[in-house]
Amino acid sequence: MMMSSNNMECSAKAKEEEEITKISLMRSLVETQDPSSKEVDDMTIRRFLRARELDVEKASSMFLKYLKWRRSFVPNGFISPSELTHEIQQNKMFLQGSDKKGRPISVLLAARHFQHNGGLDEFKRFIVYIFDKILARMPPGQDKFIVIGDLDGWGYANCDIRAYLAALSLLQIVFVENKSLKSTLLEEIDESQLPEMYGGTLPLIPIQDS
């Protein structure tokens, strides 16, 4: 059964109105329990709601736990590159342009990841730093981003199992091996926004320089 354009517009409008209503409800709930949440914008609230299928109670619980964790793990409110010396030296994470839907694009060169003296805590700080950088690039209304996980040259020496488990606990990345890589990427990303190493025109931009 095909839906007409008018019906699709009405459905999208109804969903948007539902989200606006639930953002207001969730904000009232979380601000009562944690006044610091007043500083959080509606887009962040919306992301938590969508992550819990617009269930206000579940999204609020998740959000409040996040705020508590953030205060303890990022007491200064942000992660400084000076706290990520070993991670940045590996030059493995890059932040590029945006895909055709406006989603920020990042590139991970997995073969450049090795265990280092900074340990697991520095790696976790690096993940938070990456998230903060990507979220700062998201346009209004967007709540997703793309990670190109490049496994070329990746081997046993790069297998830092503790780091990978830590990463998987914080985000979900799908690594795809595809012989038609350029054509696959061009389905989602315009050539002007695609890194040069994948057939596009953009040079790689280290995340700390983005």
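Author: Let us start with a cut-off: a residue counts as exposed when its relative accessible area is over 50%, and as buried when that value is under 20%. Please keep in mind that this is a predicted model.

Reader: Thanks! Why is Glu53 called exposed?

Author: Glu53 has a relative accessibility of 73%. Exposed means over 50%, so Glu53 falls in that class. You will find Glu53 in the loop between α2 and α3.

Reader: And what makes Leu54 count as buried?

Author: The relative accessibility of Leu54 is 11%. Buried means under 20%, so the label follows. Leu54 too lies in the loop between α2 and α3.

Reader: What is notable about the phi of Glu53, and what about the phi of Leu54?

Author: Glu53, just after α2, has a positive phi of about 50°, and Glu53 is a residue other than glycine. Leu54 is likewise not a glycine, and its phi is positive, near 65°.

Reader: Why are α2 and α3 described as oblique to each other?

Author: Helix α2 (residues 42-51) and helix α3 (residues 56-73) pack at an angle of about 125°, and their axes are 8 Å apart. Roughly perpendicular covers 65 to 115 degrees and roughly antiparallel begins over 145, so an angle of about 125° fits neither and counts as oblique. That is why α2 and α3 are called oblique. The crossing of α2 and α3 is right-handed.

Reader: Which residues make the contact between α2 and α3?

Author: On the α2 side they are Thr44, Ile45, Phe48, Leu49 and Ala51. On the α3 side they are Val56, Ala59, Met62, Phe63 and Tyr66. By kind, the contact of α2 with α3 has nine nonpolar residues, one polar and no charged. Several α2 residues are buried: Met43, Thr44, Ile45, Arg46, Phe48 and Leu49.

Reader: Let us turn to the sheet. What is the order of its three strands?

Author: The order is β1-β2-β3, in an open sheet with mixed pairing. β1 (93-98) and β3 (146-150) each pair on one side only, and they are the edge strands. On average, neighbouring strands of this sheet are turned by 25° against each other, direction ignored.

Reader: How do you know that β1 and β2 pair, and in which sense do they run?

Author: Two strands pair if there are at least two bridges between them. Four bridges join β1 to β2 (residues 104-109), so the requirement is met, and the two strands run antiparallel. Leu95 has Ser106 of β2 as its bridge partner, and Phe94 has Val107 of β2. β1 and β2 form a hairpin with five residues between them, and Gly102 in the turn has a positive phi of about 85°.

Reader: In which sense do β2 and β3 pair?

Author: They pair in the parallel sense, over five bridges. At least two bridges are needed, so this pair qualifies as well. In β3, Ile146 is the bridge partner of Ile105, while Val147 is the partner of Ser106.

Reader: What makes β2 largely enclosed by the rest of the structure?

Author: Six of the six residues of β2 are buried, which means that the strand is largely enclosed. Side chains in a regular strand alternate between the two faces of the sheet. In β2, one side holds Pro104, Ser106 and Leu108, the other holds Ile105, Val107 and Leu109, and both faces are covered.

Reader: Why is β3 called largely enclosed, too?

Author: Five of the five residues of β3 are buried, so the description applies to this edge strand as well. Ile146, Ile148 and Asp150 lie on one side of β3, with Val147 and Gly149 on the other, and both faces are covered.

Reader: Which strands does helix α5 touch?

Author: Helix α5 (residues 119-136) packs on the sheet and touches β1 and β2. The direction of α5 makes about 15° with that of β1. Angles under 35 degrees count as roughly parallel, so α5 is roughly parallel to β1 by that cut-off.

Reader: One last residue: why is Gln90 called buried?

Author: Gln90 has a relative accessibility of 15%. That value is under 20%, so Gln90 counts as buried. Gln90 sits in the loop between α4 (85-89) and β1. Leaving aside neighbours within four places in sequence, Gln90 is in contact with Arg112, His113, Phe114 and His116.

Conventions. Residues numbered from 1 in each chain as written. Predicted model: local features only at pLDDT ≥ 70, side-chain atom pairs only at ≥ 80, totals over all residues. Heavy atoms only, no water. Axes fitted to C-alpha atoms, helices over the stretch in contact; angles between N-to-C directions. Contact = heavy atoms within 4.5 Å. Left-handed = near helix turned anticlockwise from the far one by under 90°. Nonpolar A, V, L, I, M, F, W, Y, C, P; charged D, E, K, R; others polar. Buried < 20%, exposed > 50% of the residue type's maximum accessible area, 1.4 Å probe, protein only.
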